[in-house]
Structures are given as C-alpha cells and as structure tokens.
Amino acid sequence: FGKLDIGYFEGNFIQGFNMSNIQYQENGEIIFSASKMYLDPDLSHVFLGNVVISEIIIWDSYYQHRNLSNYDEDIFSGSYNFSEYNFEIRSLVMDKQLVIYEEALYKLNGGLTLDFGGEFLIVFDDLIINSPSFSDSVTITSGSLAVNEEQLTFEDTKLVSDWIDGQLDG
C-alpha cells in the first residue's frame, strides 16, 4: 500500500467535506494528486447494504494508471470476496483531470455516474476526452458502459468529434 497526504480537510460525513492538496504515492511515485476535492456521502443507504456518494468533484487532478497488481487482478477476475455492499457514485465531476494510461496522456473534463453491484456501470454525462494522440477532442455526450467478468457493453453511447461521430450500442 502507499501513502496518502491531505493538506486540508473541512466538513463532515453528514453534510459533505472539502479536501485540498491531496496526494497518493506508492514507492515514492505520485499515482494521484488533486488540488481540491469535494465529497458528499449519503449515509442513509448504508443500512440497505449500499455505499453511496451523492457527489464527488475533483479539480486539477493527475492520475497515473499502473499495471494491475495481483490484488487488483483478483478483484476483476471475481476471485476477491467483496463485502456485501454495492458501491455507487451518483455524480463524479472532473474539472481538468490528466490521466496517463500506457504512456499516453489524456485530459478529461465532464461528468460520470459510477455503480458497482455485480458489474461495473459507467454512465457518461458530457465527458470530454482530449489527447495529443487525437486530432481533436472527443465528447461522450451520453450513454453507458457496463463491464463484467465476460464482456464490455456500450448502450446508447454517443460520441462527437471532428474526426469521429457516432453511437456505440451492444
């Protein structure tokens, strides 16, 4: 496991809280950092077996995706035993997020909804993705992506760009 540093923390789990200068490191390498984050947990669903966060807003962040460890592979292969809780983030807003994945840089702005309850579901809300490897940014205006042990399924996912315009379904 790594080291998590939070420069400033204000608020509570009932009304939500703000954090600033967040940084997560593993072996001295920065994996995630953000200038500011807002989290609004919804504790009323815990008694129903759900962990729900009403809203997360992340400003000016950086995330470097790493190859999966054995622990992560166990999670995605289904051999890791999750608790009985379902996880849901009703609104994830990313404002100026940089992601490095397989040595390629991606800039993300926009919104998502995330849900994990047997399969992982991502619902897109005007997510803008830009990369030096793209001739122009791509906006995923709507739709969803479901991921389970066997497949990826796009449903009514609309892509808009100067170089690609279409819909993924199935």
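Start with the whole chain on screen, before selecting anything. Among contacts between residues at least 6 apart in sequence, 35% join residues at least 24 apart. Keep in mind as you go that this is a predicted model.

**Stop 1: the overall layout**

Switch to a cartoon view and colour by secondary structure. You should find one helix and 10 strands. Trace the chain from the N terminus and the order reads β-β-β-β-α-β-β-β-β-β-β, so the helix turns up after the fourth strand in that DSSP-based numbering. Now turn on the surface. The protein exposes about 10,900 Å², and carbon and sulfur atoms supply 53% of that area. Of the 170 residues, 31% are buried.

**Stop 2: the nonpolar core**

Hide the surface again and select Met37, Ile56, Leu92 and Leu112. What do these four have in common? Within the largest nonpolar core, which has 25 residues, they touch the most other members. Now light up the strands that feed this core. Strand 2 (16-26), strand 3 (29-42), strand 4 (50-64), strand 5 (86-101), strand 6 (104-116), strand 7 (120-130) and strand 8 (138-147) each provide at least two of its residues.

Stay here and zoom in on Leu92. Which residues is Leu92 in contact with, once its neighbours within four places in sequence are left aside? Select Ile56, Ile58, Gly110, Gly111, Leu112 and Leu114, and you have the list. Two names from the first selection, Ile56 and Leu112, are in there.

**Stop 3: Ile22**

Next, click on Ile22, which lies in strand 2. Is Ile22 buried or exposed? Its relative accessible area is 5%, so Ile22 is under the 20% cut-off and counts as buried. To see what surrounds Ile22, show Leu4, Asp5, Phe32, Ser33, Ala34, Lys36 and Met37: Ile22 touches each of these, not counting residues up to four places away in sequence. Try your distance tool as well. From the C-alpha atom of Ile22 to that of Phe9, 13 residues away along the chain, you should read 9.7 Å.

**Stop 4: the aromatic rings**

Phe9 is a handy way into the next stop. Select Phe9, Phe13 and Phe17 as sticks, and you'll see a cluster linked by ring pairs. The count for the protein comes to four aromatic pairs. One of them is Phe13 with Phe17, an edge-to-face pair with 5.1 Å from centre to centre and 70° between the planes. Phe17 has a relative accessibility of 6%, so Phe17 counts as buried.

Now jump to Phe134 and Trp163. How far apart are the centres of their rings? They are 5.4 Å apart, and because the planes meet at 50°, this pair is tilted. Look at where the partners sit: Phe134 is in the loop between strand 7 and strand 8, while Trp163 is in the loop between strand 9 (152-160) and strand 10 (165-168). The pair therefore ties together parts that are 29 residues apart in sequence. Both partners are partly exposed, Phe134 at 23% and Trp163 at 41% relative accessibility.

One more ring to visit: Trp59. Show Lys36 along with it, and you'll find the charged end of Lys36 over the ring of Trp59, 4.9 Å from the ring centre. You met Lys36 a moment ago, as one of the residues that Ile22 touches.

**Stop 5: Asp42**

Select Asp42, in strand 3. With a relative accessibility of 16%, Asp42 counts as buried. Which side chains does the side chain of Asp42 make polar contacts with? One is the side chain of Ser44, at 2.6 Å, and another is the side chain of Arg90, at 3.4 Å. Arg90 also appears among the residues that Asp42 touches beyond four places in sequence, together with Val52, Ile53 and Ser54.

**Stop 6: a loop with positive phi angles**

Finish at Glu102 and Glu103. Where are they? Glu102 lies in the loop between strand 5 and strand 6, and Glu103 is found in that loop between strand 5 and strand 6 too. Check the backbone angles here. Phi is near 50° for Glu102, a positive value in a residue other than glycine. For Glu103, also not a glycine, phi is positive as well, near 65°. Are these residues buried or exposed? Glu102 has a relative accessible area of 63% and is exposed, and Glu103, at 82%, counts as exposed too.

Methods: Residues numbered from 1 in each chain as written. Predicted model: local features only at pLDDT ≥ 70, side-chain atom pairs only at ≥ 80, totals over all residues. Heavy atoms only, no water. Core = buried A, V, L, I, M, F, W, Y, C linked by side-chain atoms within 4.5 Å. Buried < 20%, exposed > 50% of the residue type's maximum accessible area, 1.4 Å probe, protein only. Helix = DSSP H or I, 4+ residues; strand = E, 2+ residues; numbered from the N terminus. Contact = heavy atoms within 4.5 Å. Phe/Tyr/Trp six-rings, centres within 6.5 Å; stacked < 30°, edge-to-face > 60°. Lys NZ or Arg CZ within 6 Å of the ring centre and 35° of its normal. Polar contact = N/O pair within 3.5 Å; in protein donor to acceptor, adjacent residues only side chain to side chain. Areas by Shrake-Rupley, 256 points an atom, 1.4 Å probe, with all protein chains shown as cover.
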